[in-house]
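New to this one? Take a look at the model below, and then we'll walk through it together.

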Amino acid sequence: MTNSSEARFSALYQASYADLVRFAQRRVEHSHAEDVAAETFLVAWRRLDDVPDDPLDARAWLFGVARHTLMNTRRGSDRRRALAVRLAAITSGATDGDADLVIQQVDLTTAWNQLSEIHQEALALAVLDGLAAPQAAVVLGISPVAFRLRLSRARRALRARLDHLPEPTPSLAERHS
């Protein structure tokens with residue numbers, strides 16, 4: 001690698017490391033988040049020419065690599081459980097003494113746990129990770145339009161659970177998204 005490659009990688013690392021660790025912390029135990037980040041940056045170093053030049057696109061690309069790393073090491077319920085735990089930990093800090101907030105957080109945690117993994121991931125990318133549809137779509141390997149549709153369905157499902165409504169019967173298209 002040349003000095004310019006090293007400089008580009010260093011700039012990428014400086015700009016993205018903290019966000020990438022937070023991304024991983026919402027999905028795995030805190031003690032494993034830095035390992036996920038390290039593995040992701042190893043892939044980025046090896047595939048530096050594949051990393052987009054735009055900083056937002058590069059961040060989304062790194063999140064996508066991290067997501068694939070997680071998928072290869074922890075599948076299914078383990079990741080879903082970690083997301084629920086992280087959501088509860090994030091929201092629990094603002095409740096000191098406010099009973100209404102505690103009730104809302106219990107409702108939110110319960111509703112979150114009832115969501116499908118696909119809906120949890122869409123909401124986490126948009127709300128917790130702050131990704132716009134084009135970047136979130138890159139993370140998931142789908143089109144921005146497909147991500148917007150998935151996010152809309154996830155919001156609707158969360159709203160229904162928070163309002164204690166019966167779960168809507170999914171359409172044929174929703175069953176396959």
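Here's a quick tour, from the overall picture down to a few single residues.

What you're looking at is a predicted model. The protein has nine helices and zero strands, so to speak an α-α-α-α-α-α-α-α-α run when read from the N terminus. Of its 177 residues, 39% are buried.

**The big picture**

- Look at the contacts with a separation of 6 or more: 65% of them join residues 24 or more positions apart.
- The accessible surface adds up to about 9,900 Å², and carbon and sulfur atoms hold 55% of that.

**The nonpolar core**

- The largest nonpolar core contains 41 residues, and Ala 44, Leu 125 and Phe 147 have the most contacts inside it.
- At least two residues of this core come from each of helix 1, helix 2 (30–46), helix 3, helix 5 (99–114), helix 6, helix 7 and helix 8.
- Helix 3 gives the largest share, with eight residues.
- As a general point, nonpolar side chains tend to be buried together in soluble globular proteins.
- What does Ala 44 touch, once neighbours within four places in sequence are set aside? Its partners are Phe 9, Leu 12, Val 51, Trp 61 and Leu 62.

**Helix 6 against helix 8**

- The axes of helix 6 (residues 117–128) and helix 8 (residues 144–162) come within 8 Å, crossing at roughly 105°.
- Angles of 65 to 115 degrees count as roughly perpendicular, and helix 6 and helix 8 are therefore roughly perpendicular to each other.
- On the helix 6 side, the residues in this contact are Ile 118, His 119, Ala 122, Leu 123, Leu 125 and Ala 126.
- Helix 8 meets them with Phe 147, Arg 150, Leu 151, Arg 153, Ala 154, Arg 155, Ala 157 and Leu 158.
- Sorted by class, this contact of helix 6 with helix 8 has 10 nonpolar residues, one polar and three charged.

**Helix 7 and its surroundings**

- Is helix 7 (residues 133–140) mostly covered or mostly exposed? Mostly covered, with six of its eight residues buried.
- Those buried residues are Ala 133, Gln 135, Ala 136, Ala 137, Val 139 and Leu 140.
- They pack against four helices: helix 1 (3–25), helix 3 (55–73), helix 6 and helix 8.
- With helix 8, the axis of helix 7 comes within 8 Å and crosses at roughly 95°, which makes helix 7 roughly perpendicular to helix 8.
- In that pairing, Ala 133, Pro 134, Ala 136, Ala 137 and Leu 140 of helix 7 meet Pro 144, Phe 147, Arg 148 and Arg 150 of helix 8.
- The contact of helix 7 with helix 8 has seven nonpolar, no polar and two charged residues.
- Right after helix 7 comes Gly 141, with a positive phi of about 75°.

**Two residues in helix 2**

- Thr 40 sits in helix 2, and it is buried because its relative accessible area is 0%.
- Leaving out residues up to four places away in sequence, Thr 40 touches Leu 20, Leu 62, Val 65, Ala 66 and Thr 69.
- Asp 35 is in helix 2 too, but its relative accessibility is 52%, so Asp 35 counts as exposed.
- Asp 35 and Val 21 are 14 residues apart along the chain, and their C-alpha atoms are separated by 8.9 Å.

Methods: Residues are numbered from 1 along each chain as its sequence is written. This is a predicted model: local features need pLDDT of at least 70, side-chain atom pairs count only at pLDDT 80 or more; totals for chains, interfaces and linings use all residues. Side-chain values use heavy atoms; hydrogens and water are left out. Axes are lines fitted to C-alpha atoms, for helices over the stretch in contact, and angles run from 0 to 180 degrees between N-to-C directions. Angles under 35 degrees count as roughly parallel, over 145 as roughly antiparallel, 65 to 115 as roughly perpendicular and the rest as oblique. Contact means heavy atoms within 4.5 Å. Ala, Val, Leu, Ile, Met, Phe, Trp, Tyr, Cys and Pro count as nonpolar, Asp, Glu, Lys and Arg as charged, and the others, Gly among them, as polar. Buried means under 20% relative accessible area, exposed over 50%, partly exposed in between (1.4 Å probe, protein chains only). Accessible areas come from the Shrake-Rupley method with a 1.4 Å probe; for residues, only the protein chains shown count as cover. A nonpolar core is a set of buried Ala, Val, Leu, Ile, Met, Phe, Trp, Tyr and Cys residues joined through side-chain atoms within 4.5 Å.
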